[in-house]
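Got the model open? Let's take a walk through it, helix by helix.

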Amino acid sequence: MMEYTDIGTLKYLYLDEIEITNGTDADSFLIEVTAKLLQQTGGRNWLPVIVKELSEDRYEVIGNSFVYAVAERAGLERIWCIIADGTENARNISRALAREETPKLNLSTASREEIKSALQFLIEQPNSPIKTVKLATATARIDEAPRQFWKSLDSIVALKCGITKGKGLDLLKTVFYLTPQSQQDAVIEEFSEETLKLKTVSELKTLAKEKGIVGLSKMKKAELVRILAQ
């Protein structure tokens, strides 16, 4: 098996020593034209393939699978590889850095800016099922929700921020995951004035009732927001 000192080293490996489980999803045209370019420029893959060792002289691709596919199509006998350790962390970071997988954000602990950035990324995807979602509204409602206790991302639907079950929620599951905390450690958070302004009068009155505020029937939205924001 691999010596510990081999980790991080560059090796010139034979293709028939290398296995691949998760291949590239790149279009065959891109593989073909890049393979021709590789042949025309000397057949040296300046961008190494990331591999882990399976046994003596046996390796598996864990990152830069596109480079491997191109080298194979170009008919190379050997390719340059970097040896990584065999951990799941090494695989995950290799595939994330190679943009072969989208890393996920822990929604239980994510900051407001991180949530906004993730939602904007999803909204801007081609043919996004949440392209009509209002970014500010969705960000505020998700940020203020007790998401640290959520056991499922389905809880987002109840926020009425434009994200519904089906393709929209499925898309969110590609970038978010949860690590639920115990309800015993609950800390009740106050809503920001910005978030309160996004709520309906009915929702504001419900919050006010929970706080024991009286005389709600004649209160208008601006007054409800002011009182609840104090």
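What follows is a short tour of a predicted model, with stops at its helices, its cysteines and its salt bridges.

Start with helix 1, which spans residues 28-40 and holds Leu30. Leu30 teams up with Phe29 and Val33 to make a nonpolar surface patch of about 290 Å². Leu30 itself has a relative accessible area of 41%, so it counts as partly exposed.

Helix 1 also reaches out to helix 2. Glu32 forms a salt bridge with Arg73, with 2.7 Å between the closest N and O atoms. That pair links distant parts of the chain, since Glu32 sits in helix 1 and Arg73 in helix 2, 41 residues apart. Glu32 is partly exposed at 32% relative accessible area, and Arg73 is partly exposed at 42%.

Now look at Ser65, which belongs to helix 2 (residues 65-73). Its relative accessible area is just 2%, so Ser65 is buried. What does Ser65 contact, leaving aside its neighbours within four places in sequence? The answer is Ile20, Asn22, Gly23, Thr24 and Glu100.

Helix 3 (residues 88-97) is a nice one to look at end-on. Its buried residues are Ala90, Arg91, Ser94 and Arg95. Seen down the axis of helix 3, they fall within an arc of 120°, so they line one face of the helix. Covering them are elements that include strand 3 (49-55), strand 4 (58-63) and strand 5 (78-84). Flip to the other side of helix 3 and you find Asn89 and Leu97 exposed. After helix 3 comes Arg99, with a positive phi near 60°.

How about the cysteines? Cys81 is buried at 0% relative accessible area, and Cys161 is buried at 5%. A search of the whole structure turns up zero disulfides.

Back to charges: the count of salt bridges comes to 14. One of them joins the side chains of Glu194 and Arg112, at 3.5 Å from N to O. Glu194 is in helix 7 (residues 193-198) and Arg112 in helix 4 (residues 112-123), so this pair ties together parts that are 82 residues apart in sequence. Both ends are partly exposed, Glu194 at 46% and Arg112 at 23%.

Helix 7 has a bridge of its own, too: Glu193 pairs with Lys197, the closest N and O atoms being 3.7 Å apart. These two are four residues apart in helix 7, so about one helical turn separates them. Finally, Glu88, Arg91, Arg95, Glu100 and Glu101 are joined into one network by salt bridges that share partners.

Key
Residues numbered from 1 in each chain as written. Predicted model: local features only at pLDDT ≥ 70, side-chain atom pairs only at ≥ 80, totals over all residues. Heavy atoms only, no water. Buried < 20%, exposed > 50% of the residue type's maximum accessible area, 1.4 Å probe, protein only. Contact = heavy atoms within 4.5 Å. Disulfide = S-S within 2.5 Å. Patch = residues over 30% accessible without salt bridge, like charges linked within 9 Å, V, L, I, M, F, W, Y side chains within 5 Å. Areas by Shrake-Rupley, 256 points an atom, 1.4 Å probe, with all protein chains shown as cover. Salt bridge = Lys/Arg side-chain N within 4 Å of Asp/Glu carboxyl O. Arc of directions from axis to C-beta.
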